[in-house]
Each structure stands twice: as structure tokens, then as C-alpha cells.
There are 2 protein chains.
Amino acid sequence: MSGGAKLIDGKAIAAEIRTEIKHDVESMKRIVPGLATVLVGERTDSSTYVRMKIKACKECSMNSIHRSLPDTASEEEVLQAVEELNRDESVHGILVQLPLPSHINEERILSSVSIEKDVDGFHVVNIGKLAMKGRTPLFVPCTPRGCVELLKRSGVQIAGKEVVVIGRSNIVGLPVSMLLIHENATVTIAHSRTADLPGVVRRADIVIAAVGRSEMVKGDWVKPGCIIIDVGINSKPDSSKKSGYRLVGDVDFEECRKIASMITPVPGGVGPMTIAMLLRNCVDAAMRKEREVNE
Amino acid sequence: MSGGAKLIDGKAIAAEIRTEIKHDVESMKRIVPGLATVLVGERTDSSTYVRMKIKACKECSMNSIHRSLPDTASEEEVLQAVEELNRDESVHGILVQLPLPSHINEERILSSVSIEKDVDGFHVVNIGKLAMKGRTPLFVPCTPRGCVELLKRSGVQIAGKEVVVIGRSNIVGLPVSMLLIHENATVTIAHSRTADLPGVVRRADIVIAAVGRSEMVKGDWVKPGCIIIDVGINSKPDSSKKSGYRLVGDVDFEECRKIASMITPVPGGVGPMTIAMLLRNCVDAAMRKEREVNE
């Protein structure tokens with residue numbers, strides 16, 4: 001039996017955005033946008049993410065600059081690396097790959113990134129502007145911006161809709177809620193302490209699942225015809241795979257695709273959008289710089 | 001027929017808090033907390049608010065400093081007044097009375113207030129920290145903090161409750177939503193673009209009404225036994241009054257008091273809390289200063 005929901009193809013939409021970005025980059029006359037990545041330590045997953053970002057820059061004709069520090073690096077050394085990149089005029093965006101080793105104060109490092117180069121959008125001033133009506137942050141965090149882009153490019157009207165965001169993280173849940181309020185949705189932020197989570201999720205015209213729990217949202221949690229954006233990326237044991245596991249979202253895809261009208265797959269949904277939005281943020285910053293130079 | 005809801009007496013709770021503040025002020029050894037007010041122009045309502053704040057300082061044994069500028073003052077002149085107060089060591093909190101005359105950029109003035117003296121809590125860095133998990137803003141905006149204090153001091157358990165906030169202003173709706181999420185409530189932010197506002201409000205265990213529309217929330221909008229915090233202060237024509245009008249909230253008090261279990265009156269509910277929280281914020285700042293001096 002095949003499910004009724006239309007797939008929201010994040011890979012295809014991200015590819016479309018990357019083509020737009022490449023076009024923008026190649027039309028720039030004075031500046032080649034440059035993204036700097038900072039990696040502290042050698043976590044396998046972090047190294048993979050950084051490599052993907054560097055590769056994506058290349059494909060979009062952007063420069064990339066990489067700083068690698070050992071996991072024994074001191075907070076001062078990481079700060080110094082960030083500050084050099086803050087001063088480097090060929091760098092328009094700085095991405096510090098998280099998580100940092102536990103002896104380093106993440107808040108301190110993130111707020112040392114120049115607000116003009118904060119392509120991750122996590123600087124407190126960017127979050128503050130995002131959390132206010134009528135203020136425009138220089139950068140919107142990548143995954144939340146990716147969720148909204150997926151909806152818009154799939155023709156979903158957000159205004160007036162009931163949205164339930166599951167999860168209240170600084171990286172996804174809270175900023176995506178802010179974005180959707182500004183888009184005139186009626187937003188409910190649900191989380192681990194919500195009394196009747198299935199009942200709350202069932203009210204939603206649009207569900208944004210960002211809790212990090214494998215296949216938590218079941219078919220009978222969602223309203224028929226709703227739209228589901230699944231931000232989760234979790235690994236689940238699967239003996240039929242060579243690796244011994246496969247990736248699943250926060251949503252039970254097989255159950256929910258039968259009930260929803262549109263749904264993102266995992267992988268291939270929100271994932272590819274995060275990098276596309278990171279590049280978009282970086283190129284936006286470089287374009288602002290170019291306009292300043294021209295003035 | 002008398003209503004069933006218990007009144008949440010904001011005047012009494014605010015008086016209790018002011019007694020605590022006075023006690024804190026008088027126990028301070030080196031510093032007398034000082035609040036500076038800046039008034040631009042001569043709006044009657046603004047002048048009244050500023051006068052009330054100055055009087056409240058006096059009653060709590062605090063200093064107050066007042067700067068009055070004509071409504072013809074330039075943006076630079078207002079900035080200069082704020083910067084003098086930023087440098088003045090006897091000033092621990094600066095309140096710029098809003099609204100400012102239209103020729104002055106409010107955002108620019110508010111962000112010129114030193115973050116250590118931003119007792120209004122509207123500085124973008126304070127809002128950013130409020131909008132993030134695990135960060136502590138130096139100051140929480142007064143009216144939102146007042147709403148939460150009213151609930152807590154009335155013995156209401158917030159965690160796990162369904163809260164509907166009506167209104168998404170920078171001054172009340174958005175920051176109070178953030179605060180209540182941190183208090184582990186499930187929060188829905190509703191507003192003028194919400195499709196079925198009565199239906200949404202009816203889900204709430206706790207309603208925070210902050211839209212600025214006289215008596216909009218009707219008895220059949222609210223769930224029996226819910227708790228209502230009415231932030232609205234609107235004037236309504238009333239020929240039986242000498243002034244020709246009376247103050248009403250955003251909630252139809254007579255209707256809703258029959259349905260709710262607890263409700264704030266207008267006036268005498270949230271109103272008195274806003275000034276109490278402003279003094280609290282200012283004294284908190286002075287106490288931080290005193291601790292620094294002692295270190």
C-alpha cells in the first residue's frame with residue numbers, strides 16, 4: 001500500500017536553491033563569497049558535516065577557509081582563531097561546528113563571532129531581533145529558515161494556519177516558532193513537559209517535529225491532511241543494512257504518510273536544506289558587503 | 001449574581017513586592033538604588049506614568065533622577081541624555097518612557113541604554129537571551145515578569161499547563177510567551193490573524209490577554225475553571241462617570257468571572273505589577289553592583 005502524502009523533496013528544493021546561489025555568486029563582480037569553518041577536535045560526525053559544507057561551497061563557486069584545532073585547544077586558542085577570521089576580509093561567514101569540547105564555553109565562543117559574519121544566526125543579537133516584531137536579523141538560523149523555505153516552495157500558505165512545533169531547542173524549536181509567528185501562523189510550542197502531546201499535535205495544520213526522538217510522532221497523532229516537516233535525524237538499528245543502522249526522523253514516516261497531505265522524508269527532507277541555507281546566509285552577507293563597497 | 005472566579009488582587013500582590021523591595025533597599029550598605037526616567041515631550045499619559053514611577057521609587061526608599069526633554073528634542077539630544085545616565089554611577093536603571101515622538105528612532109534610543117541598566121528589558125541582547133534556553137537575561141521585561149509573578153504568588157502551577165497568549169507585541173505577547181515556555185507551559189501564541197480565536201482561547205488552562213481591544217474575550221471563549229490574566233487597559237465611554245469613561249481590559253470581566261476560576265481585574269490587576277517589577281529590576285541591578293564592589 002502506498003501512502004497518500006505528497007513527498008516534500010528537500011534534496012530537489014535544496015538543489016534548486018544552490019543553483020540560485022551559484023548564479024548569484026557568479027554574478028558578483030568584486031567579491032568571492034567565503035565561508036570559514038572552525039572544527040575543534042575530531043568527532044567523526046562533525047568532521048563529516050564540515051567536509052560536506054566545504055564541498056558545497058566549491059560546488060557553488062564559493063571560497064572556503066578551514067581552521068582545525070585539536071580537542072586539547074584552550075578556549076583562548078579557539079577565541080583567537082575566531083577573531084582572526086573576524087578580521088579576515090575574504091571571510092563573509094564563520095561557522096563554528098558544534099558541539100565544542102566540554103571544557104570550552106560555547107556561549108562565549110558563539111558570541112565572539114562578529115555579528116556581520118554570524119551565518120549560523122545563533123548570536124544573541126540575531127536571536128533577539130528574530131524574537132521581536134519589526135526587527136530584521138542579519139541572519140536567520142539555517143535549519144529553521146530551511147523549514148520555512150520547504151513550506152513556501154511547496155506552495156503551502158502559512159498565514160492563519162495552526163502550527164505545532166514539537167521541541168524548544170535554541171537551534172530549531174524556538175527560532176522556527178518565532179519565524180512562523182512572523183509569518184502569521186498560530187503557533188503552539190510543545191515539548192517534553194506537554195501534558196497531552198498527541199492531542200496537541202492533532203490540532204496542527206502544520207507539524208514541525210524537532211525533538212530528536214526516533215519515530216515518536218505516530219499516525220494517530222496527526223490530523224488527516226496535515227503537513228509534516230520532520231527535522232529529526234536519528235539512527236535506528238537495522239540488521240538489513242551493512243552499517244547496522246538506518247536514519248529515521250522524529251516522525252513515524254510509514255504511518256504518517258498515510259494520514260498527512262505532505263511530508264518530508266528522512267533523509268532527504270530538512271537535512272539538505274540546512275547546508276543550502278548556510279550558503280545562502282553567507283552569500284547574502286557577501287552581497288551586503290559588495291553593496292557597501294559600491295556605495 | 002456574583003461571579004465564581006477568585007480575584008487575583010494585583011494591587012495587594014504589588015504592595016507585597018514593594019515591601020520586599022523596600023526591605024532590600026534598606027538592607028543595602030553601600031549603594032542607594034537609583035532609577036532614571038527620561039521623558040521626551042509632554043503627553044499626558046506618559047507624564048502620569050513617569051510621575052507614578054518617581055513616587056514609587058520614593059516609597060521604596062530609592063533615588064530617582066528625571067530628565068525631561070521638549071518634544072522638539074533631536075535624536076542626538078535624547079541619545080546624549082541616555083549616555084550621560086549610562087555613565088552616572090548613581091543610576092542603576094534607565095527607563096525611557098515610550099512612545100517617543102515620531103521623528104526619533106525608538107530602536108536606536110533603546111539600544112543605546114547600557115545593557116546593565118536596561119531595567120525595561122527591551123534591549124535586543126536581553127530579549128535574545130530571554131528567547132533562548134539556558135541563557136539568563138540581566139532583566140526580564142516588567143509586564144511579562146509581572147504576569148508570571150501574579151500566577152506564582154496566586155499558587156498557580158504553570159508547568160504542563162496549556163497557555164494561550166493573545167497578542168504578539170514586543171512589550172508583552174512575545175516576551176511573556178518566552179517566559180512561560182521556560183516555565184514548562186505549553187504555549188500557543190494567538191493574534192489577529194488566528195483563524196478561530198475563540199476556539200483557540202477555549203483550549204487554555206491559562207489565558208494571557210494582551211491585544212489592546214476592549215472586552216474582546218467573551219464568556220463563551222473561555223474554558224470553565226481557567227485562569228485569566230488581563231493585560232489590557234482600554235478606556236470605554238461611560239456616562240455614569242465624571243470623566244465620561246472607565247477603564248476596561250481585553251476581557252469581558254463580568255462574563256468571564258462566571259466561567260473562570262481566577263481572574264485579574266482591570267484596573268488593579270496587571271497594572272500595579274508593571275511598576276513593582278520595574279523597581280525590582282532596578283534594585284536587582286543595584287544589588288549586583290554592590291556585590292561587585294564587595295568582591
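## Two copies and their strands

The interface residues of chain B are 100% interface residues in chain A too, so the copies meet through the same surface. This is a predicted model: local features need pLDDT of at least 70, side-chain atom pairs count only at pLDDT 80 or more, and totals for chains, interfaces and linings use all residues. Residues are numbered from 1 along each chain as its sequence is written.

**The pair.** Two copies of a chain are related by a rotation about an axis and a shift along it. Here a turn of 180° and a shift of 0.0 Å along the axis lay chain B on chain A, with an RMSD of 0.0 Å. That is the relation of a two-fold axis. The fit is by least squares on the C-alpha atoms of residues with pLDDT of at least 70 in both copies. In chain B, Gly128(B) comes closest to the rotation axis, at 1.7 Å (C-alpha).

**A residue between chains.** Ile181(B) sits in helix α7 (residues 173-182) of chain B. Helices are DSSP runs (H or I, at least four residues), and so are strands (E, at least two), numbered from the N terminus. Is Ile181(B) buried or exposed? Ile181(B) is buried, with a relative accessible area of 1%. Buried means under 20% relative accessible area, exposed over 50%, partly exposed in between (1.4 Å probe, protein chains only). Leaving out residues up to four places away in sequence, Ile181(B) touches Arg168(A), Leu174(A), Ile189(A) and Val187(B). Contact means heavy atoms within 4.5 Å.

**Paired strands.** Two strands pair if DSSP finds at least two bridges between them. The table lists three parallel pairs.

| Strand | Partner | Bridges |
|---|---|---|
| β2(A), residues 34-40 | β3(A), residues 63-69 | Seven |
| β5(B), residues 162-166 | β7(B) | Four |
| β7(B) | β8(B), residues 227-230 | Four |

Val40(A) stands opposite Leu69(A) in β3(A). The chain crosses from β2(A) through helix α2 (residues 44-59) of chain A to β3(A), in a right-handed β-α-β crossover. Right-handed means that, with the strands pointing away from the viewer, the path from the first strand over the helix to the second runs clockwise.

In chain B, Val207(B) has a neighbour in two strands: Val164(B) stands opposite Val207(B), and Ile228(B) in β8(B) is its bridge partner. Ile206(B) and Ile208(B) point one way from β7 (residues 206-209) of chain B. Val207(B) and Ala209(B) point the other way, and all are buried.

Conventions:
Chains lettered and ligands numbered in written order. Heavy atoms only, no water.
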